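Look at the model below and follow the chain from its beginning. The paragraphs after it take up a few places one at a time.

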Amino acid sequence: MEMLKTKEAAELLSVSQTTIKRWAAMFPNFFPKDRFGHYIFTGQEIGLLKSIKERIEHGETLDSINLAGNKQPEPAEPLQDMRRLHIPDKPMEELLSRIVHIEHSLDQKADEVVSVQLLRQREELEDLRQMIQQLAVSIETIQKPTSKASSSEELRPIATAKLQAPPRKRGLLRTLFSL
């Protein structure tokens, strides 16, 4: 018995994969999923999909279609056993565990990158806050007449250091993942 995947069934019926999935989801008793949550269609199920397509083309709505008159497929257990013959268990489980591990590592790495970005932004904000405070002090001293003339470096050492120091280079992560 030939089994078709959703893509193949969609190409056979000249509809989209989403349409096939929507039709199958409307009638879960007639279109069971395999253990991985995928639809695999037998010849009988393709016939049901063709009848659904014809009825929709004749003006019926998907909600009004009743497949109870059509022959019910055999129970899901033997069908799933036949589908298992096509997919080796051990390699598939190993592949799935690898995928889960890679996704976990990727999530963890993304969290680390975001944390580093936040720390650098906080440092920059703190530097800017200090510079603003120094500028405020400088403005206040300029506005008040003072008898003793002091150098600008004594009044605002942090601001002067920032202006004299070359700008910091942006890290590789910051350039790749800037917010």
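Ser14 is exposed, because its relative accessible area is 61% and the cut-off for exposed is over 50%. This residue sits in the loop that joins H1 and H2. Its backbone has a positive phi of about 60°, although Ser14 is not a glycine. The model is a predicted one, so every value here is computed from predicted positions.

With that loop located, the whole chain can be laid out. The protein has eight helices and two strands. Read from the N terminus, the order of elements is β-α-α-β-α-α-α-α-α-α. Of its 179 residues, 22% count as buried. The protein exposes about 13,500 Å², and carbon and sulfur atoms supply 58% of that area. Among contacts with a separation of 6 or more, 63% are between residues 24 or more positions apart.

Start with the strand S1, which covers residues 4–5 and includes Lys5. Is Lys5 buried or exposed? Lys5 is exposed, because its relative accessible area is 57% and exposed means over 50%. Leaving out residues up to four places away in sequence, Lys5 touches Tyr39 and Phe41. Lys5 and Thr42 are 37 residues apart in sequence, and their C-alpha atoms are 9.2 Å apart in space.

Phe41, one of the two residues that Lys5 touches, leads on to the interior. Which residues is Phe41 in contact with, leaving aside its neighbours within four places in sequence? From the start of the chain they include Glu2, Met3, Leu4, Lys5, Thr6 and Ala9. Further along, the contacts of Phe41 include Ile20, Ala24, Phe31, Ile46 and Leu49.

Phe41 also belongs to the largest nonpolar core, which has 19 residues. The residues with the most contacts inside this core are Phe27, Phe31, Phe41, Leu49, Ile52 and Leu67. Three helices each supply at least two residues of the core: H1 (6–13), H2 (17–26) and H3 (43–57). H3 gives the most, with four residues. In soluble globular proteins, nonpolar side chains tend to be buried together.

Helix H2 can be looked at by itself. Which residues of H2 are buried? They are Thr19, Ile20, Trp23 and Ala24. Seen down the axis of H2, these buried residues fall within an arc of 130°, so they line one face of the helix. The cover over the buried residues of H2 includes H1, strand S2 (40–41) and H3.

Next comes helix H5, which runs over residues 89–143 and contains Ile99. Ile99 is partly exposed, with a relative accessible area of 38%. Together with Leu95 and Leu96, Ile99 forms a nonpolar patch on the surface. The accessible area of the three residues together is about 240 Å².

H5 also carries charged pairs. How many salt bridges does the structure hold? There are five, and three of these can be followed along H5. In one, Arg98 pairs with Glu94, and the closest N and O atoms are 3.0 Å apart. Arg98 and Glu94 both lie in H5, four residues apart, which is about one turn of the helix. Arg98 counts as exposed at 52% relative accessibility, whereas Glu94 is partly exposed at 41%. The two residues fall into separate classes because the cut-off for exposed is over 50%.

Another salt bridge links Glu112 with Lys109, with the closest N and O atoms 3.7 Å apart. Both residues lie in H5, three residues apart, again about one turn of the helix. Glu112 counts as partly exposed, at 37% relative accessibility.

The side chains of Arg129 and Glu126 meet in a further salt bridge, at 2.3 Å from N to O. Arg129 and Glu126 also lie in H5, three residues apart, about one turn of the helix. Arg129 counts as partly exposed at 38% relative accessibility, and Glu126 counts as partly exposed at 32%.

Methods: Residues are numbered from 1 along each chain as its sequence is written. This is a predicted model: local features need pLDDT of at least 70, side-chain atom pairs count only at pLDDT 80 or more; totals for chains, interfaces and linings use all residues. Side-chain values use heavy atoms; hydrogens and water are left out. A nonpolar core is a set of buried Ala, Val, Leu, Ile, Met, Phe, Trp, Tyr and Cys residues joined through side-chain atoms within 4.5 Å. Buried means under 20% relative accessible area, exposed over 50%, partly exposed in between (1.4 Å probe, protein chains only). Contact means heavy atoms within 4.5 Å. Patches are made of residues with over 30% relative accessible area and no salt bridge: like charges are joined within 9 Å, nonpolar side chains (Val, Leu, Ile, Met, Phe, Trp, Tyr) within 5 Å. Accessible areas come from the Shrake-Rupley method with a 1.4 Å probe; for residues, only the protein chains shown count as cover. A salt bridge is a side-chain nitrogen of Lys or Arg within 4 Å of a carboxyl oxygen of Asp or Glu. The arc is that of the directions from the helix axis to the C-beta atoms.
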